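Ready to practise reading a protein model? Grab a pencil, and try each task before you peek at its solution.

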Amino acid sequence: MAMAGESSGKKCGDGDGRVAGKSQRKVGLIYDEAMCKHDTPDGEDHPECPDRIRVIWEKLQLAGVSQRCVLLGSSKAEDKHLQLVHTKDHVNLVKSISTKQKDYQRNRIASQLNSIYLNRGSSEAAYLAAGSVVKVAEKVAEGELDCGYAIVRPPGHHAEADEAMGFCLFNNIAVAASYLLNQRPDLGVKKILIVDWDVHHGNGTQKMFWEDPRVLFFSVHRHEYGSFYPAGDDGDYNMVGEGPGEGFNINVPWDQGRCGDADYLAAWDHILIPVAREFNPDIILLSAGFDAAIGDPLGGCRVTPYAYSVMLKKLMEFAHGKIVMALEGGYNLDSIAKSSLACVQVLLGDKQIHGSSEAYPFESTWRVIQAVRKRLCAYWPSLADELSWKLINQKTPTPIILISSSDSDNEDDAHGLLDQMSKLNIENHQGTLLENHQVDTASTSWRADLANVDVWYASFGSNMWKPRFLCYIQGGQVDGMKKTCVGSMDKSPPKEIVWETFPHRLFFGRESSVGWGVGGVAFTNPLANLIDQTHMCLYRITLEQFNDVLSQENGLNVDSDSPVFDLASLQLVENKGSILEAALNSWYGNVVCLGKEHDIPILTMTCTLSAVEKFKSGEIPLRPPAKAYANTLIRGLVEGGRFSKEEAEAYIDNAVSKPL
Ligand code: Q9C
Ligand code: ZN
């Protein structure tokens, strides 16, 4: 197949960049079939396959879009340019791959590396990928092109100075950035914004410009407590750069998959775009992986071609539209072709493609965005303002509805009662301790009253596992438990179960418990914060049942004359929005209202604030959970559909390893 060479390339438009009276931007494209020669040695399937760049190129041709671009021939990178960001050893290693006579020699090298395969064509492809990005960047910086797209492979952003990894051999974008800054002062490029929207963190690029204030590196990626590839803390939002480069590294680490258009556009509007305005780059380099695209087998996110086009369009407001796109990841052939087409149409200045993002960002997205803004506002004043409550309230809660009931009658009852309650005049709620032991002659009537009110009981510990929770309702004993539960008086199962994430810290303390024997048990910090989160399973039960759960959790009898947590208590926690130290001299003696779902209050039980202080000071030691107990939590998270087993383990490990 013929390569797209400079000589064969059609150039459109005249010197003014105008075609048929219509403003037409000069968009450079590089594609070269030689980059398809990098492939698995034995022809096994691999997501990073040669067809990736073929399908993109074919799509642009079929759409009649490549014909309107300036087609450039590919070029091999020069060693001295590669060595601006890579070690000599690394460059020589990549160069030597194709000179090896035998596959096993290459396989041996690849096996030492993380997520790398090598074949005879790998060296040439790697040199062409890096050289092609350099070439497009040079021409855009010179002004010969307005912008461009290097459709290259292997990708680059995971490659570090001395290491190939994550399907990447040379860090194509970093080589180009360093070339402009260090080899071509004549072009006047002093500040470069690198935007990395590949679903993985651009660890290589981050390290190469860690202390360099001339390069502002922005990466948005799945992170999930450091469990998502390339794993570890590098992609954390606390990684802001060092020395003169402090503040010039920005990570937006998603803490869950499934992010889509609304989440990405929120990161653009509330982080990237205001910072780009302040930084005022001379050129933008885009690590354009399309593995956050809807349908990607590795990414698990849902970004549409429309959102990619909007994100790109927003970036074109800067640096006089001088943008260089370089392909990174992206493994659904259809998605990467369509997304690439949408982007090239934007580069050409075509009318915006149609689409809309109706969904709101996830609740967790706002939390991440707020944490990033807070961490970076010292360097970028435009991030200093608090996001308005109205804005962050436009969110998609993150529930997975397992059992959905539509017994609206019941819900109406609850509304009515809560309305009535809000008219009650409660005067004794100045302190944090509540009197629950009202003089009550009609000791049996409390159950009937409280049976009419629904609450969500939000569980973050062993009760996340449904069979374990049901012991508190129906009575019984599950694996690992040391004691049989008596259950509630009212044995009806929960009316609904949903999962949600709350901004509180999960931690483990306490030497042993009656229910589980030796080993720590779970608590959640009653105080919310922006950084932490606890994943909770919400059971919709009656306030009567909640009382029985609370009693059993605290080792009290369920047949008491008065409720532990009555209507007045409920109104108190609701009004205070947060904390009630119930008069239970016990480990779970604190009831916290976390908010509302369908207008029904969400309650959880945890330790008191004073216990938190004691855990913090070390007066009460933190304790990792016993294996059996931890497994119950993991089972709950997995069977609830919240997490994979690995993710659940990582979540628990994270909670265990951090100090309170
Ligand atoms: N358990 C790019 O998208 N996954 N690279 C390895 C090992 C590697 C992705 C999983 C993903 C690399 C450029
Ligand atoms: Zn990727």
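Helices and strands here are DSSP runs, numbered from the N terminus, with at least four residues for a helix and at least two for a strand. Keep in mind that this model is predicted.

**Exercise 1. Find where His157 sits, and decide whether it is buried or exposed.**

Solution. Start with the place: His157 is in the loop between β5 (147-150) and α6. Now for the cover. Buried means under 20% relative accessible area. His157 has 1% relative accessibility, so it counts as buried. As for a partner, its side chain makes a polar contact with the side chain of His158, at 3.3 Å.

**Exercise 2. Check the length of helix α6 against the expected span, then work out how covered the helix is.**

Solution. Helix α6 runs over residues 172-183, which is twelve residues. The expected span is 1.5 Å times one less than the number of residues. For α6 the expected value is 16 Å, and the helix reaches 16 Å from its first C-alpha to its last. Next, the cover: ten of the twelve residues are buried, so α6 is mostly covered. Among the buried ones are Asn172, Ile173, Tyr179 and Leu181.

**Exercise 3. Describe the surroundings of ligand 1 and pick out its polar partners.**

Solution. First, look at who is around. The residues surrounding ligand 1 include Ser115, Pro155, His157, Phe167, Tyr229 and Tyr331. Sort the whole shell and you get four nonpolar, six polar and two charged residues.

Then go through some atom pairs:

- His158 has a polar side-chain atom 3.3 Å from a nitrogen atom of ligand 1.
- Gly166 uses its backbone: a polar atom there is 3.0 Å from a nitrogen atom of the ligand.
- His200 brings an N or O atom of its side chain to 3.1 Å from an oxygen atom of the ligand.

Finally, the cover: ligand 1 taken alone exposes 410 Å², and the protein buries 70% of that.

**Exercise 4. Which protein atoms are the donors of the zinc ion (ligand 2), and how are they spaced along the chain?**

Solution. List the donors: Asp198 (OD) appears twice, joined by His200 (ND1) and Asp291 (OD). They lie 2.0 to 2.7 Å from the zinc ion. Along the chain, the spacing reads D-x1-H-x90-D. Two of these residues can be checked for cover. Asp198 has 0% relative accessibility, so it counts as buried. His200 is at 6%, so it counts as buried too.

**Exercise 5. Hunt for unusual backbone geometry: which peptide bonds listed here are cis, and which residues have a positive phi?**

Solution. Begin with the background: most residues other than glycine have a negative phi, and most peptide bonds are trans.

Step one, the cis bonds. The bond from Arg153 to Pro154 is cis, with omega near 0°, and Pro154 lies in the loop between β5 and α6. The bond from Tyr229 to Pro230 is cis as well, with omega near 5°. Pro230 belongs to the loop between β7 (215-222) and β8 (249-254).

Step two, the phi values. Ala231 has a positive phi of about 60° although it is not a glycine, and it lies in the loop between β7 and β8. At 44% relative accessibility, Ala231 counts as partly exposed. Asp599 has a phi near 70° and lies in the loop between β19 (590-597) and β20 (600-606). With a relative accessible area of 43%, Asp599 is partly exposed.

Note on methods:
Residues are numbered from 1 along each chain as its sequence is written. Chains are lettered from A and ligands numbered from 1 in the order in which they are written. This is a predicted model: local features need pLDDT of at least 70, side-chain atom pairs count only at pLDDT 80 or more; totals for chains, interfaces and linings use all residues. Side-chain values use heavy atoms; hydrogens and water are left out. Buried means under 20% relative accessible area, exposed over 50%, partly exposed in between (1.4 Å probe, protein chains only). A residue is near a molecule or strand if one of its heavy atoms lies within 4 Å of it. A polar contact is a pair of N or O atoms within 3.5 Å; within protein, one must be able to donate a hydrogen and the other to accept it, and residues adjacent in sequence count only if both atoms are side-chain atoms. Accessible areas come from the Shrake-Rupley method with a 1.4 Å probe; for residues, only the protein chains shown count as cover. Ala, Val, Leu, Ile, Met, Phe, Trp, Tyr, Cys and Pro count as nonpolar, Asp, Glu, Lys and Arg as charged, and the others, Gly among them, as polar. Donors are N, O and S atoms within 2.8 Å of the metal (3.2 Å for Na, K and Ca); water is not among the atoms, so sites may look incomplete.
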